[in-house]
Amino acid sequence: AIDEELINKVKKDLENFANFLSSAQIEPILVSDKEALEINWQDKVAFIYGNPRDNLFFRRLKIGIPLRFRDNAIEFGGKRYEGEGTLLISCMPNPFNKKLPFTLCVANRPEDLIGVGSRIRGPSEWYVDYILYRDDEKLDTGLYHKEKDKWSLVPKEK
């Protein structure tokens, strides 16, 4: 169970991010993971925010990129990332409509999601498909590549 104070911090952070999007002329609609299960995502752009253990939408989401959600771990690109401070920001094709984007912000713990909107600091990070962090250290960044219906990661030069 997540404590009420942490829930409020995460909600406040999401509201701040939604306000940022609004200032950029993007009108977000915030929904819970349970509400997301009921939405037809065919014609929608999404920013999905959560952790694998608590987010029901993540558990049911079928995606092609090499990402799997586990309790207290993110499996990404054939590696397993466990523990505190792990955060993945990933922009990929919408699994329901390949012409639209889906952005995932997934962390092993809810508290690691706080401040996710301030992680992307400049143009060099705008033109990648994924960034993986452990606390403030950038572990990996790169692009997705699809060949013969199989997705792979192409790490960006550091």
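**Exercise 1. Describe the hairpin formed by β8 and β9, and state how these strands pair.**

Step 1. Strands β8 and β9 form a hairpin with two residues between them. Strands here are DSSP runs of E with at least two residues, numbered from the N terminus.

Step 2. Within the turn, Lys148 has a positive phi of about 50 degrees.

Step 3. Strand β9 covers residues 150-155 and runs antiparallel to β8, to which six bridges join it. Two strands count as paired if DSSP finds at least two bridges between them.

Step 4. Glu147 stands opposite Lys150 in β9.

The model is predicted: local features need pLDDT of at least 70, side-chain atom pairs count only at pLDDT 80 or more, and totals for chains, interfaces and linings use all residues. Residues are numbered from 1 along each chain as its sequence is written, and side-chain values use heavy atoms, with hydrogens and water left out.

**Exercise 2. Determine how β7 pairs with β8, and which residue of their hairpin takes a positive phi.**

Step 1. Strand β7 (residues 130-134) and strand β8 (residues 137-147) are antiparallel and pair over five bridges.

Step 2. As an example of a bridge, Leu132 has Asp140 in β8 as its partner.

Step 3. Two residues lie between the strands of this hairpin, in which Asp135 takes a positive phi near 55 degrees.

**Exercise 3. Characterise the surroundings of Asn94.**

Step 1. Asn94 is found in strand β5, which spans residues 86-94.

Step 2. Asn94 counts as buried because its relative accessibility is 0%; buried means under 20% relative accessible area, exposed over 50%, and partly exposed in between, with a 1.4 Å probe and protein chains only.

Step 3. A polar atom of the Asn94 side chain lies 3.0 Å from the backbone oxygen of Trp41. The backbone nitrogen of Phe96 is 2.6 Å from a polar atom of that side chain.

Step 4. Leaving aside residues up to four places away in sequence, Asn94 touches Trp41, Lys44, Leu100, Pro101 and Phe102. Contact means heavy atoms within 4.5 Å.

**Exercise 4. Explain why Cys91 and Cys105 are not bonded to each other.**

Step 1. A disulfide is a covalent bond between the sulfur atoms of two cysteines. The rule applied requires a pair of cysteine sulfur atoms within 2.5 Å.

Step 2. The cysteine sulfur closest to that of Cys91 belongs to Cys105 and is 9.8 Å away, so the distance is too far for a bond.

Step 3. By this rule, the count is zero disulfides.

Step 4. Cys91 counts as partly exposed, because its relative accessibility is 31%, whereas Cys105 is buried, with a relative accessible area of 2%.

Definitions and conventions:
Helices (H or I, at least four residues) and strands (E, at least two) are DSSP runs, numbered from the N terminus. A polar contact is a pair of N or O atoms within 3.5 Å; within protein, one must be able to donate a hydrogen and the other to accept it, and residues adjacent in sequence count only if both atoms are side-chain atoms.
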